[in-house]
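Here is a friendly walk through one protein model, going from single residues to the fold around them. Please keep the structure open as you read.

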Amino acid sequence: MDATLIAVAALWGAAAGLLLPRAAYRFSVEPEEPWRDTCPAGHALTGPARGWLGSARCAVCAVAVPSLPGGAAPEAPASAGRGRYAPAVVVPSVTALACTALAAATGARPEAVVWLLLAPVAVLLAVIDRRVHRLPDTLTLPLACATAVLLGGAALLPEHGGSWTSALLGGAALGGFYFLLFLINPNGMGFGDVKLALALGVALGWYGWAVLFAGGFAGFLFGALYGAGLMLARRAGRKTGIPFGPFMITGALVGLVFGGLAA
């Protein structure tokens, strides 16, 4: 059963990851700019979910959409066919690995379905934050609500491995902690991180306070190591801003894996 679940989770992650690049491209804009709805040449992006999901290719101009906002679109030879705006392997691979790890750790417990549903959204947020240092409210707030509601449903099913009450308290605790950091140093901690912390706190709190602390601490540790590496390579200074969302999400993934194994 576990082997089948892991295989299904891997396939789900890969399939969901294939639909994320277009959403990542459209969401990766500065706060004052509207969401993208065309390729760099001005052709409308169409496809599933009113053009929000898919690999985001422009079949009209055959020019790859740039992976970073504001960059000029590279010219593609005629033989290249439809141009891709982002790597076709990285995002699906990361999503598949995350889903596989969560399924392997959680097994057939009800919360496994919750993790698999939420993992692609978390990967999407990490990609957007890495590109433009932004975590859109359109994703973070629904993610927090969906996490709480879905775990509430999982708590009603037999053989679940966590507590809905501790999940809600975990969301309040981690969100409150990040809000305090934001008040202390708003230039170092974005308010989008605070909203993301609500969802991650609910997820981590499902398995208890120890997992909440471990996942939260892991996010800070990963971010600190990344920042130190940039400084050692002289690619950043002490005041250089880095996107913290990917490290928060990675830390939460580590916490959920350990929480699932220990439950």
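Ala-15 is partly exposed in this predicted model, because its relative accessibility of 42% falls between the 20% that bounds buried residues and the 50% above which a residue is exposed. Look for Ala-15 in helix α1, which covers residues 2–18. Ala-15 has a partner in space from farther along the chain: Pro-92 is 77 residues away in sequence, yet the two C-alpha atoms are 7.0 Å apart.

Ala-24 makes a good companion case. Helix α2, residues 20–27, holds Ala-24. With a relative accessibility of 3%, Ala-24 is buried, because the limit for that class is under 20%. Ala-24 and Leu-125 are separated by 101 residues in sequence, while their C-alpha atoms lie 7.9 Å apart.

Stepping back, the protein contains ten helices and two strands. Read from the N terminus, the order is α-α-α-β-β-α-α-α-α-α-α-α. Of the 263 residues, 46% are buried.

Next come the charged pairs. Side chains of opposite charge can pair when their charged atoms come close. How many salt bridges does the structure hold? There are two, and they are set side by side here.

| Acidic residue | Basic residue | Closest N to O distance |
|---|---|---|
| Glu-111 | Arg-109 | 3.0 Å |
| Asp-137 | Lys-195 | 2.6 Å |

In the pair of Glu-111 and Arg-109, both residues are buried. The salt bridge between Asp-137 and Lys-195 links distant parts of the chain, with the two positions 58 residues apart in sequence. Asp-137 belongs to helix α6 (residues 137–155), and Lys-195 belongs to helix α8. Are these two partners buried or exposed, or something in between? Asp-137 is partly exposed, since its relative accessibility is 40%. Lys-195, on the other hand, is buried, because its relative accessible area of 15% is under 20%.

Helix α8 also leads us to the interior space of the model. Rolling a probe the size of a water molecule over the atoms shows where empty space is left. A search of the whole structure turns up one cavity of 30 Å³ or more, and the largest cavity holds about 40 Å³ of space. Its lining is made by Leu-174, Tyr-178, Leu-200, Leu-204, Gly-215, Gly-216, Gly-219, Met-248 and Ala-252. The elements that contribute two or more residues to this lining are α7 (164–184), α8 (191–205), α9 and α10 (245–262). Which of them gives the most to the lining? That is α9, with three residues. By character, the lining residues are six nonpolar and three polar, with no charged residue among them.

Helix α9 has something to show on the outside too. Phe-213, Phe-217, Leu-221 and Leu-225 make a nonpolar surface patch of about 440 Å². One of these, Leu-221, sits in helix α9, which spans residues 209–232. Why can Leu-221 be part of such a patch? Patch residues need over 30% relative accessible area, and Leu-221 qualifies on that count because its value is 37%, which makes it partly exposed.

Taken together, helix α9 is a good place to let your eye rest: it gives three residues to the lining of the largest cavity, and it carries Leu-221 of the nonpolar surface patch.

Technical notes:
Residues are numbered from 1 along each chain as its sequence is written. This is a predicted model: local features need pLDDT of at least 70, side-chain atom pairs count only at pLDDT 80 or more; totals for chains, interfaces and linings use all residues. Side-chain values use heavy atoms; hydrogens and water are left out. Patches are made of residues with over 30% relative accessible area and no salt bridge: like charges are joined within 9 Å, nonpolar side chains (Val, Leu, Ile, Met, Phe, Trp, Tyr) within 5 Å. Accessible areas come from the Shrake-Rupley method with a 1.4 Å probe; for residues, only the protein chains shown count as cover. A salt bridge is a side-chain nitrogen of Lys or Arg within 4 Å of a carboxyl oxygen of Asp or Glu. Helices (H or I, at least four residues) and strands (E, at least two) are DSSP runs, numbered from the N terminus. Buried means under 20% relative accessible area, exposed over 50%, partly exposed in between (1.4 Å probe, protein chains only). On a 1 Å grid over the protein atoms alone, a cavity is a set of points where a 1.4 Å probe fits but cannot get out, and a pocket is an open set with protein on both sides within 12 Å along at least five of seven lines; lining residues have an atom within 4 Å of a point. Grid points are joined across faces, edges and corners, and a volume is the space filled by probe spheres set on the points. Ala, Val, Leu, Ile, Met, Phe, Trp, Tyr, Cys and Pro count as nonpolar, Asp, Glu, Lys and Arg as charged, and the others, Gly among them, as polar.
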